[in-house]
Amino acid sequence: MKMPLPDPALMARKGEIVRALQRLVPGEGVIGDPSGLVPFQSDGLSAYRQTPLAVVLPETTAQVSAVLAWCQANGVKVVPRGAGTSLSGGALPLEDGIVLGMAKFNRILEVDYPNRCAVVQPGVTNLAITGAVEADGFYYAPDPSSQIACTIGGNVAENAGGVHCLKYGLTTNNLLGCEIVLMSGEVVRLGGKGFDAAGYDLLGVVTGSEGLLGVVTEVTVRLLRKPETARAMLLGFASVEAAAGCVGDIIAAGVIPAGLEMMDAPAIRAAEAFVGAGYPVEAAALLIVELDGPEAECAELSAQVAQLAEARGATSIRTSSSETERLAFWAGRKAAFPAVGRIAPDYFCMDGTIPRRQLPHVLTRIGEMARQYGLGVANVFHAGDGNLHPLILYDADKPGELEAAEAFGADILKLCVAVGGVLTGEHGVGVEKRDLMGEMFNETDLACQQRVKCAFDPDLLLNPGKVFPRLHRCAELGRVHVHRGAVAFPDLPRF
Amino acid sequence: MTEAAATILRPKTAEALARIVAQGRRLEVIGGGTKRGIGRVAGAQSVLSTSALNRVIDYAPEELVLTAQAGVRLADLEVLVAAQGQMLPFEPPHLTRLLRTKGQPTLGGVLAANLSGPRRIRAGAARDHFLGAEAVTGRGEIVKSGGRVVKNVTGYDLCKLLAGSWGTLGVLTQVSLKVLPAARAELTLLYFGLSDAQAGQAMTQALNAPVDVSAAAHVPATTAARAPLKAAMAVTALRLEGFAASVAARAEHLAAALNGLGRCEQLDAGHSRDFWVQIREVEAFSKDPRPLWRISVPPAVGWRVGATIPGDVLYDWGGGLVWLLSDADPAQVRGVVRTLGGHATCYRGDAPAFAPLDGSLAALSARVKAAFDPKGVLNPGRMGAI
């Protein structure tokens, strides 16, 4: 993975840069010594590591603004970081850049039930938002697997998803407003507590911009009322095709489950060996279906889903009869990544989305590719929304395996795009899928996106080296594209 | 508008549309032209319509995704998805009677204006269902963003930017939308004679109960007296949708929770549908010459709009969307709304249609506009300064 070449002149100024930042964020807000920088070397994509020039941990929006303005004036690159749980390398440091850690922004500022929203600082964890309101019967819907650790600021940057996306949407569908600081140090408020904001939907484009457009310093999230009941079902199938068919049947019946997950045989067995959730280890595919709402709705829909599963020849059907049992059903799925971590020294988690009807074909092809590369693979899958998570198993200590795993992963993502899908459903492009962007977008598409970047950060100092395969200077992109000639449009009907 | 603008260009392909834009003339961009009265385009040399881009490209109901060209008529699309037992979840308003226009709203127009109906509070806005776009920027380039699957974070989400940009950033040529199964059953609970403040509290209480209210509106007495409702007192309405057993259970729960509000009437599915079309289309205000405002505020303070500004009001989105008919000074309207934490769009009247933005936000928005349309050829002036 190639990152932008470090600027030796900046590296030579490290001492001066650290001192200047210490003046802006006094106390223990700046880390410059090598041992203190170690914990910031990588994020959730631990295959890639880099020590940054320094780490800054501001506590106020004013400090964030001062740090960014100083960095812009001095040409210093900035990598924003929440909890560092990104699975795509979004918070991977740069050798000649600073990491701006937002962990100290850890307060819930306001819970506003009449408007069903909460105003929180970006370093608050995803789960802590629900924690603050659940006693009153509310929750924050997006639930990425890392929700115990990941921060809401990072969720905004990555447009994080989770198992409940199909029914409740991603982060972008659950935000009302935020405050961001631009690289210039300007503080801009986007949205508020109303349903729509004046002007362009800049909140919409900042969400999922992977820390390239601004640093989030405050977030207003929507709160939802907790459903009265929730019930989970485990449906075992003898083939992936039958399970995939059942997913289609459920949706065709007009049922949008709160969660609709699929695991293949290797994932089922790894999870069962790890947590003993009672999964059918003989099954070729397992569906976990969660239904929520009033008791009457859960009862009606679970009976309907059971019928549909039977019609597809399900080998086992279990419905949770208590909250404890429901959580046990989920325990295996939620522990799927660490469970797979036990059967291989290392793994890559891929994240493409495909049209659901392509699932049997794509899983078959992934199996063939695994044999070709001589690597293991386990599949967990947000089946409801077509979001695949193939886990590629490898051993980084064996020469060539990391490279083979990278190539295998790239092939999977190219396949996803080829069947009408996308490179990433919820983990972000980061550095991991950066060089594959050309599979989905042509140069014109990418230039358009980069011009948006230029509108926010004209010097390209915020998180460079992520998302875009090539860095174009803004002036170069600004050249006006003029077509001359054709004045008449003979092919046009005129009225 | 100049003489030349009387000619409407209707390209049949995105490529032909791109060639027109690349010529560099200032263009008024329209779909069906039904919302042309909102925002003034300054000095357009031609009118460019997407109405000849009218094919449905792909609709796989089991994938919950529909891809169509931008000029497809909204009404046709609604029939298409209804035939598969599905719906456009954001319940888009047509607003043709309200805006007294004869044309047909298009899919592209609804997305470009980010218009959402009563189900906005539960299902999200047009922008939340906008999965992918092909658009022609002011540079005359065809650009695509997003995809044809329901979950995607690859690259910047330019669909969000294009939604609600009123054709000032790009001309939508093709879009992908998330669709959902239509509700199998619905009913509406009606309460009568509540003041705006009481109704505001009642809607908050209903929306905060675990009953999944899919629409909440309040029609004050003076508005309710008008056609088509012609009711003798204020009407507050709460809609429940879903599977029959679930709707019945939730209706019982909700009625018990709101027991103190007095008489409660139930509208069956047919009457409920008619009622919410009236709300969605703001029919009560369609025959009135006074300036018309669409106001977005935090829902819990919505009722204060009617309490502060003289005129007639209608509250949707649990108070978060306020339609106001008023002769009040536009500066007063915008001042009050701003204090409440919202913004007001003038749908009819002399005031600028869009609320001006603050310094940093205005500058950033202008840079975003320039990124897409450096020469300002797409709907110049339509959104005011940007």
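In this predicted model, a convenient place to start is chain B, where three strands form an open sheet in the order β1-β3-β2, with parallel pairing. The edges of this sheet are β1 (8-9) and β2 (27-30) of chain B, and each of these strands pairs on one side only. Strands of a sheet pair through backbone hydrogen bonds, in either a parallel or an antiparallel manner. Between β1(B) and β3 (residues 46-49) of chain B, the parallel connection consists of 2 bridges. One residue can be followed across to its neighbour strand: B:Ile8 has B:Val47 in β3(B) as its bridge partner.

Stepping back from the sheet, chain B is divided into domain 1, covering residues 1-182, and domain 2, covering residues 185-348. Taken over C-alpha atoms, the centres of domain 1 of chain B and domain 2 of chain B are separated by 28 Å. Where these domains touch, domain 1 of chain B contributes 14 residues and domain 2 of chain B contributes 20 residues. The domain 1 side of this contact is made up of 6 nonpolar, 3 polar and 5 charged residues.

Turning to chain A, the fold contains 18 helices and 18 strands. The C-alpha atoms of chain A fill a box of roughly 70 × 65 × 55 Å along the principal axes. A compact globule of 495 residues would have a radius of gyration near 23 Å, so the 24 Å found for chain A agrees with that expectation. Of the 495 residues in chain A, 57% are buried. Sequence separation adds another view of the chain: among contacts in chain A between residues at least 6 apart in sequence, 72% join residues at least 24 apart.

The two chains also meet each other, and here the contact takes 86 residues from chain A and 86 residues from chain B. On the side of chain A that touches chain B, the elements giving two or more residues are α8 (202-206), α9 (240-252), α11 (295-311), α16 (437-440) and α17 (443-456) of chain A. Of these, α17(A) gives the most, with 8 residues. For readers interested in the chemistry of this surface, the residues on the side of chain A that touches chain B divide into 38 nonpolar, 29 polar and 19 charged.

How values were computed: Residues numbered from 1 in each chain as written. Chains lettered and ligands numbered in written order. Predicted model: local features only at pLDDT ≥ 70, side-chain atom pairs only at ≥ 80, totals over all residues. Contact = placed C-beta atoms within 7 Å. Helix = DSSP H or I, 4+ residues; strand = E, 2+ residues; numbered from the N terminus. Nonpolar A, V, L, I, M, F, W, Y, C, P; charged D, E, K, R; others polar. Domains from an automatic or database assignment. Pairing = 2+ DSSP bridges. Rg over C-alpha atoms; globule rule 2.2 N^0.38 Å. Buried ≥ 20, exposed ≤ 12 C-beta atoms within 10 Å, placed from the backbone.
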